[in-house]
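Me: I'm new to this one. Can you walk me through it?
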Amino acid sequence: MKRLETKVALITGGNSGIGYATAQEFIAQGARVIFTGRDAAAVAVAAHALGEQAHGLVSDAGVMDDLRRLPAQVQPLADKLDILFVNAGVAFFSPVSGADETHFDDIMRINFKGAYFTVQQLLPLLREGASIIFNTSVNASVGMPNSGVYAASKAAVLALGRVLATELAPQGIRVNCISPGPVETPVYGKLGLPQEQLDGFAQVLSQKVLLKRFGQPGEIAKTAVFLASDEASFITGTELTVDGGIAVNAVLN
Ligand SMILES: NC(=O)c1ccc[n+]([C@@H]2O[C@H](COP(=O)([O-])OP(=O)(O)OC[C@H]3O[C@@H](n4cnc5c(N)ncnc54)[C@H](OP(=O)(O)O)[C@@H]3O)[C@@H](O)[C@H]2O)c1
């Protein structure tokens, strides 16, 4: 039997990167996957590529009306959800001295407010014994320059994960966070940096990772499979760091 046989999962931000890889891995493990994205064309392309076990929904995690509509969009596809992977997120970087209110609001609206209300709106659809997984970041726990708002948004999600673990334990719902280090996804192309600068950034970052490379989206996806599966039946309220060791490499390497 496959590890997620008979399970129904919802993944936010599933048309790209880690969310897309997780959709592939969940399907490979026997799950049916409903995923969201904010761009209709990108959602359609991903749904086609993922095949008949996937259903794409257009829903913007930064728009409250979309989040309020989400349960009604999901219900014709599934009565109940077994797995919720709260993954949709953006990354923009700025020193505190140069950040404006739009920078702050855009990140917080999608990464934290979006995560908070995604869970709130979908709670009535979660089956007893369901698994919620938040995609956070090692940035929440380290002092990387220029990451102030992004790091805070992910730290807020980590805090939310711990609180939800206690609130939802009576329903047997487990709540955990995955904190990736640098993972090779299209997110870096969305930073608005010239390719040369991106390559330099990637080079420096790779050297900070103990394993001397970026992670692959599939490596985060496999961690999500584990947390979603019955193999993690006694794990709740925790953070699983999947970062090639970057977070413990602060001093000498
Ligand atoms: N890559 C890394 O190094 C890394 C490290 C730590 C944590 N993370 C976290 O991992 C998650 C996935 O990122 P990724 O690296 O896989 O990047 P990605 O390839 O850009 O994927 C992000 C996904 O979220 C979607 N999204 C963004 N804003 C949205 C919104 N308002 N409503 C709905 N969907 C939205 C994106 O849609 P579009 O395609 O339309 O943009 C995309 O499908 C993020 O939460 C990120 O913070 C990534």
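Me: How many residues surround the ligand, and which are the closest?
Reply: First, a caution: this is a predicted model. In it, 29 residues surround the ligand. The closest are S16, Y150, T185, Y188 and K190.

Me: What mix is that shell, by nonpolar, polar and charged?
Reply: The shell around the ligand has 12 nonpolar residues, 13 polar and four charged.

Me: Which helices each supply at least two residues of the shell?
Reply: α1, residues 17-28, and α5, residues 148-168, each do that.

Me: Back to Y150. How far is a polar side-chain atom of Y150 from an oxygen atom of the ligand?
Reply: That distance is 2.7 Å.

Me: And Y188, what's the distance there?
Reply: An N or O atom in the Y188 side chain sits 2.6 Å from a ligand oxygen. N15 has a side-chain N or O atom too, 2.9 Å from an oxygen atom of the ligand.

Me: How much of the ligand does the protein bury?
Reply: The protein buries 95% of the 870 Å² that the ligand exposes when taken alone.

Me: New topic: helix packing. At what angle do α1 and α7 pack?
Reply: About 55 degrees, with the axes of α1 and α7 8 Å apart. Helix α7 covers residues 217-228.

Me: What do you call that arrangement, and why?
Reply: Oblique, because of that angle between α1 and α7. An angle from 65 to 115 would count as roughly perpendicular, and one under 35 degrees as roughly parallel.

Me: Is the crossing left-handed or right-handed?
Reply: α1 passes α7 in a right-handed crossing.

Methods: Residues are numbered from 1 along each chain as its sequence is written. This is a predicted model: local features need pLDDT of at least 70, side-chain atom pairs count only at pLDDT 80 or more; totals for chains, interfaces and linings use all residues. Side-chain values use heavy atoms; hydrogens and water are left out. A residue is near a molecule or strand if one of its heavy atoms lies within 4 Å of it. A polar contact is a pair of N or O atoms within 3.5 Å; within protein, one must be able to donate a hydrogen and the other to accept it, and residues adjacent in sequence count only if both atoms are side-chain atoms. Accessible areas come from the Shrake-Rupley method with a 1.4 Å probe; for residues, only the protein chains shown count as cover. Helices (H or I, at least four residues) and strands (E, at least two) are DSSP runs, numbered from the N terminus. Ala, Val, Leu, Ile, Met, Phe, Trp, Tyr, Cys and Pro count as nonpolar, Asp, Glu, Lys and Arg as charged, and the others, Gly among them, as polar. Axes are lines fitted to C-alpha atoms, for helices over the stretch in contact, and angles run from 0 to 180 degrees between N-to-C directions. Angles under 35 degrees count as roughly parallel, over 145 as roughly antiparallel, 65 to 115 as roughly perpendicular and the rest as oblique. A crossing is left-handed if the near helix is turned anticlockwise from the far one by less than a right angle, and right-handed if clockwise.
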